[in-house]
Amino acid sequence: MTTFLIRRLAFACVTLLAVLTLVFVLVRIVPGDPAQLILGDQASREAIEALRHRLGLDLTLTQQYTVFLLGALRGDWGVSMVSGQPVIGEVLRVLPWTIELTLVSLLLGILLGVPAGVYAAIHRNRFVDYAVRISSLLGLSFPPFVSAIILLLIFAIALPWFPVISARSGSALAWYQSITLPAVSLGLISAAYVTRVTRSAMLEVLSEDYVRTARAKGVPWNVVIWRHALRNALIPIITVVGLYLGILIGNSVLTEIVFSRPGLGKLLIGALNQRDYPMLQGMMVIYTLIVVLVNLLTDLAYGFVDPRVKLK
Amino acid sequence: MKKLIFGIVCAALMFAFPALAQKKSLVVGMGSADAGKLDPHIASTTPDKGLLSWMFNGLVRVRPGRISPEFIEPDLAESWTSNPAGTEWTFKIRAGVQCHHGYGEFTADDAAYSIKRASNKATSSYSNDFNAVDKVEAIGKSTLKITLKNPVAGFLGYVANVNGGNMVCKKAAEEMGENFSKKPIGTGPFMFAEYQPQQFVKLVANKQYFRGAPLIDDITYRYIPADSSRDLAFQSGELDMIYGKQDQTWVDRTSKLPGVKVVAMEPGELSELYLNVTVKPLDDIRVRQAIAYAIDRKAIVAFKGAGTSREAVSVIPSGYLGTDQKAPLFPYDVAKAKALLAEAGYPNGVTIKTIHTTLTGMQTLIEAVQAQLKKAGINLDIELVEHATFHAQIRKDLSPLVHYQAGRFPVADVYLTQFFDSRSIVNTPTAVTNFSHCNVADEEIRGARVSTDPVKQLALWKTAQEKIAKAVCGVPVYEQLQLWAWKDSLDLGYEVQGSLNLSPPVTEKTRFTK
């Protein structure tokens with residue numbers, strides 16, 4: 001277990017370095033001058049050059065890369081070119097918003113998706129099964145920004161139950177009001193994923209000998225399904241949930257924009273538009289860290305649900 | 001007795017339903033993801049300039065709701081005089097004006113500091129505007145003297161409440177340095193209170209404002225980049241005022257909402273095609289003329305919407321001091337365009353490349369232009385890139401045809417200098433936005449800038465516009481007005497025809513009528 005962890009962490013460091021370098025190069029290949037964007041279209045060439053110097057953009061690429069790497073090693077990700085605030089602080093400030101949205105919608109996805117998948121598998125090729133399969137396909141095909149607008153039109157305009165600007169905090173009621181629509185919008189898609197995987201994993205397990213044996217022994221059907229079958233079908237479900245977490249964080253970009261919620265997505269779009277290099281670099285590192293961490297947790301979860309899996 | 005009971009019930013109802021009391025908080029929805037630099041001497045985008053204009057004053061101001069220099073009136077300066085040559089300006093600074101958040105009284109010293117700061121390229125985007133400033137001195141507490149190297153056309157415009165003319169408080173700016181943009185300190189009707197990144201900036205009323213305490217208590221300026229979300233939040237009543245999507249369909253849709261006022265404000269931003277006169281095939285004036293003949297400005301305005309746009313009248317925007325409202329622009333004539341192309345050696349048509357932004361309003365225009373040019377046998381090859389890339393590439397002189405949409409301070413000199421003076425040619429050390437490499441009117445532009453005779457100045461500007469139009473450095477197309485909507489229960493206190501800072505004037509007189 002310990003060797004496994006050490007090996008995975010070492011691997012994560014290499015991945016991180018590769019991502020850092022790639023991001024450093026990529027953001028600079030894209031045309032666009034941060035100094036010009038900050039000062040606007042009436043700024044004189046001199047003013048732009050002066051700002052480029054202050055931001056260190058007049059250094060050679062190698063010099064900039066060295067400065068960046070040395071800073072990164074010290075845990076210093078630089079300051080945002082636009083706001084002048086430390087990148088790490090800016091990212092950490094909005095990170096809870098994104099994590100909160102992602103986790104709540106994932107939870108919603110699991111709570112809806114697992115029972116729906118199990119139910120569809122038990123009633124294979126019957127009406128319920130078709131209904132579940134069609135609605136999950138619909139869920140997958142819906143771009144999150146479309147479902148978001150539809151939800152807003154129904155539950156914020158026609159029935160004024162929720163605010164359009166979902167960025168409230170403070171009381172529990174305000175929190176509930178501001179998280180519901182964005183989480184439902186994202187959660188429906190994750191529910192669709194989870195349903196489909198649960199259904200196929202359950203179908204496979206249900207045809208196993210031990211399920212038939214358990215039935216033959218007279219174990220109640222409910223216990224067979226939830227304790228014997230589902231337990232064994234969990235591994236693929238966990239894999240999907242783990243992989244999906246990364247996709248969810250990506251999808252949250254659009255959801256945050258439509259629901260006017262702060263978060264990594266909105267920060268990313270702003271940084272891209274302004275060519276805020278340090279901010280983009282810092283954010284990519286955070287995204288990479290999250291994906292690496294989630295993959296690690298997924299691997300650890302295998303061992304937890306199935307003792308036969310040994311982590312080496 | 002009945003009257004007494006009635007009175008008690010009424011009083012009870014007033015306390016029971018505070019929502020019925022007059023609204024005192026204004027919530028504005030702006031179309032950007034976040035604030036930029038909240039420093040009036042740096043800010044150049046619509047979202048930032050609009051917000052800052054509610055916090056700052058100039059030495060003079062253009063009357064709220066208007067944009068023309070003829071409406072210039074006192075602001076922080078009570079009065080001013082200049083010598084006959086127009087090179088020495090003396091301003092009498094209003095006594096007793098307080099800087100926000102206890103930064104003390106605003107004096108001539110603050111004014112002098114502010115102008116020096118706006119002239120400094122390290123602290124200002126507008127340093128070019130003050131190139132002619134020789135000396136700025138505070139004489140005592142209430143007199144400011146500005147000496148110019150040469151007279152400047154419409155000089156008062158540079159010390160008005162826009163761009164570099166906004167007055168900052170010296171103590172605050174010196175104390176905070178680069179952090180000034182995190183807590184901007186001015187003298188205006190509203191003061192900076194709070195910034196929640198990606199969410200909002202909150203301003204509170206400056207109760208000590210020299211024109212009187214504002215009638216509303218606070219302003220929340222929310223950043224909502226998605227047009228549809230902003231519209232929905234306005235519709236649901238969460239926002240009182242919104243920045244509109246800049247097209248006619250938005251106007252048609254929003255005007256139908258009950259209790260809503262949609263306003264198309266000045267200044268119009270001029271959409272113009274700048275043709276690089278130094279590259280093939282645009283170096284041939286006949287090709288440039290063919291393009292000019294092939295553009296049907298009436299059809300473009302019909303396409304863009306008559307309520308929100310209007311035909312261009314000259315190579316610079318209409319209504320500016322010095323704009324030739326009847327400049328000799330080319331009429332729409334496809335046959336002539338084809339003939340000119342054939343004469344230039346392109347009987348089978350010609351292909352011209354343009355690098356263009358994906359910004360919606362601008363993209364629909366260039367596609368309409370492409371369709372019109374096609375009829376004359378000109379194939380416009382549009383390379384679409386994202387907005388920041390567009391700005392970078394056109395400044396590297398990579399696009400032979402540049403479509404740009406802009407408005408400037410409404411004096412002809414500013415637009416002419418930035419877009420048509422050869423000193424402003426892109427990719428040179430003194431570059432601004434002369435994309436066409438135009439140099440036909442340098443003499444007139446520079447002559448008008450230092451002329452002290454208003455009649456001669458106007459004549460020079462007129463000649464400059466004629467020469468530029470004749471040389472087809474630019475093909476002006478149409479002007480886009482600024483679109484906003486607000487609840488009709490919001491009374492801004494002024495009739496709004498326009499705003500130099502591009503957002504409706506929210507002042508001490510702004511209030512809700514219910």
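**Salt bridges, whole model**

I ran the salt-bridge search over the whole predicted model and got 37 over all chains. The rule I used asks for a side-chain nitrogen of Lys or Arg within 4 Å of a carboxyl oxygen of Asp or Glu. Side chains of opposite charge can pair when their charged atoms come close.

Notes on conventions: this is a predicted model, so local features need pLDDT of at least 70 and side-chain atom pairs count only at pLDDT 80 or more, while totals for chains, interfaces and linings use all residues. Residues are numbered from 1 along each chain as its sequence is written, chains are lettered from A and ligands numbered from 1 in the order in which they are written, and side-chain values use heavy atoms, with hydrogens and water left out.

I looked at A:Asp129 and found its salt bridge with A:Arg199, closest N and O atoms 2.7 Å apart. A:Asp129 sits in helix H6 (residues 127-141) of chain A and A:Arg199 in helix H8 (residues 172-206) of chain A, so the pair ties together parts 70 residues apart in sequence. I take helices (H or I, at least four residues) and strands (E, at least two) as DSSP runs, numbered from the N terminus. Both A:Asp129 and A:Arg199 are buried; my cut-offs are buried under 20% relative accessible area, exposed over 50%, partly exposed in between (1.4 Å probe, protein chains only).

Next I went to chain B, where B:Lys23 forms a salt bridge with B:Asp240 at 3.2 Å between the closest N and O atoms. B:Lys23 is in the loop between helix H1 (2-16) and strand E1 (25-30) of chain B, and B:Asp240 is in the loop between helix H5 (227-235) and strand E11 (241-243) of chain B, so this pair ties together parts 217 residues apart in sequence. B:Lys23 counts as partly exposed at 30% relative accessibility, whereas B:Asp240 counts as buried at 0%.

I also noted B:Asp247 with B:Lys245, a salt bridge at 3.9 Å, N to O. B:Asp247 is partly exposed at 22% relative accessible area, and B:Lys245 is partly exposed at 30%. Then I found a network of salt bridges linking B:Asp413, B:Asp421, B:Asp442, B:Arg446 and B:Arg449.

**Chain A on its own**

I counted 12 helices and 0 strands in chain A. Its C-alpha atoms fill a box of roughly 85 × 55 × 35 Å along the principal axes. Of the 312 residues in chain A, 48% are buried. I checked contacts (heavy atoms within 4.5 Å) between residues at least 6 apart in sequence, and 72% of those in chain A join residues at least 24 apart.

I picked A:Thr255 in helix H10 of chain A as an example. A:Thr255 counts as buried, at 1% relative accessibility. Leaving out residues up to four places away in sequence, A:Thr255 touches A:Leu101, A:Pro144, A:Pro182, A:Ser185 and A:Leu186.

**Chain A against chain B**

I found 45 residues of chain A in contact with 47 residues of chain B. The two chains bury about 3800 Å² between them, with 53% of it on carbon and sulfur atoms; buried area here is the accessible area (1.4 Å probe) that two parts lose on being put together, summed over both. A:Asp41, A:Gln42 and A:Arg45 supply 19% of the area chain A buries against chain B, more than any other three residues.

Across this interface the rule gives me 1 salt bridge. I traced B:Glu386 to A:Arg275, with 2.6 Å between the closest N and O atoms. I also get 8 residue pairs in polar contact, both residues at pLDDT 80 or more. A polar contact is a pair of N or O atoms within 3.5 Å; within protein, one must be able to donate a hydrogen and the other to accept it, and residues adjacent in sequence count only if both atoms are side-chain atoms.

The elements giving two or more residues to chain A's side are helix H2 (34-39), helix H3 (45-54), helix H5 (87-122), helix H7 (144-158), helix H10 (221-258) and helix H11 (264-274) of chain A. H7(A) gives the most, with 5 residues. By class, I split that side of chain A into 24 nonpolar, 12 polar and 9 charged residues. (Ala, Val, Leu, Ile, Met, Phe, Trp, Tyr, Cys and Pro count as nonpolar, Asp, Glu, Lys and Arg as charged, and the others, Gly among them, as polar.)
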